[in-house]
Amino acid sequence: LESALDTATFTLEPIDRHQQMALLKSTCDVPSNNQELSSLVDQLFNKIPRKSLEAAENIIGIPLMVVMLAEIFKPFVQTFLKGREVINSISLDSLTLLDIYELFAYSSFRRQSIEKQHLDAENPLTERLLHKQNYLYKGFVKLHGYLGLVKLVKQQKMHLIFRDKKDISEFQEQAALLDSAIISKYEQDIPHFNHASFCEYFAAKCLFVRLTRMQRDQLKDFFCQTGWCA
């Protein structure tokens, strides 16, 4: 094929543990000469249950996942730099692939909200405002779920998922004002996610919620429709 198509092929191998650690520390902005901080990142990384993730084809060996973990770990690194003990407060014993996406989405939302609105990360009111159960984050997830489906589902088939046209119009209005760390740009009513897996994660999350609300006859109608997906 290389000869016939006049092109080159290559194989990507998972990055090894040493490369994973180097990338994680670099993304977390850990200076190479700060041994104490470097040790903290080592401890954080070692708390990830490797065995449970091996089934996902060595998912931690994928650079994207390491960058996502760095986003999750950054708040702990920043807290540590302020002289506070954090390692015992971190619970990653049951971390799964979906947990990584969930933690990454929330960490991205929280960090960007603090930076854009110039909030005090140490203020208890900030924690209450940006808590996972608060309406701001729930709205963030719902909007990204809708946009994930916009990217994957043909527009004329969206009514199978969103039965109320008002839902679609409200999401469209919100999307026009979107400023997200997970979506690089939104133009001509089409979102461009930083990575396709983010799009798929939010779309699946939204679809799951919508499907669980459907009656049996609605589910049958939904799955019997052909060509609903782009």
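**Local packing around Asn134, helices α6 and α8, and a β-hairpin**

Asn134 is buried, since its relative accessible area of 18% falls under the 20% cut-off. This result, like those below, comes from a predicted model. Asn134 lies in the loop between α7 (124–129) and α8. When neighbours within four places in sequence are left aside, Asn134 contacts Arg128 and Leu129.

The helix that follows this loop, α8, spans residues 135–152 and packs with helix α6, residues 97–117. Two packed helices are described by the angle between their axes and the distance between the axes. For α6 and α8 the angle is about 120 degrees and the axes are 11 Å apart. The angle therefore makes α6 oblique to α8. The crossing of the two helices, α6 and α8, is right-handed. On the α6 side, the contact involves Glu102, Ala105, Tyr106 and Phe109, which meet Leu136, Tyr137 and Phe140 of α8. By class, this contact of α6 with α8 consists of 6 nonpolar residues and 1 charged residue, with no polar residues.

A hairpin is formed by strands β1 and β2, with 2 residues between the strands. Strand β1 covers residues 183–187, runs antiparallel to β2 and is joined to β2 by 4 bridges. Lys185 has His192 of β2 as its bridge partner. In the same hairpin of β1 and β2, Gln188 adopts a positive phi near 50 degrees. The side chains of β2, residues 190–193, alternate along the strand. Pro191 and Phe193 point to one face and are buried, whereas Ile190 and His192 point to the other face and are not buried.

How values were computed. Residues numbered from 1 in each chain as written. Predicted model: local features only at pLDDT ≥ 70, side-chain atom pairs only at ≥ 80, totals over all residues. Heavy atoms only, no water. Axes fitted to C-alpha atoms, helices over the stretch in contact; angles between N-to-C directions. Parallel < 35°, antiparallel > 145°, perpendicular 65-115°, else oblique. Left-handed = near helix turned anticlockwise from the far one by under 90°. Contact = heavy atoms within 4.5 Å. Nonpolar A, V, L, I, M, F, W, Y, C, P; charged D, E, K, R; others polar. Buried < 20%, exposed > 50% of the residue type's maximum accessible area, 1.4 Å probe, protein only. Pairing = 2+ DSSP bridges.
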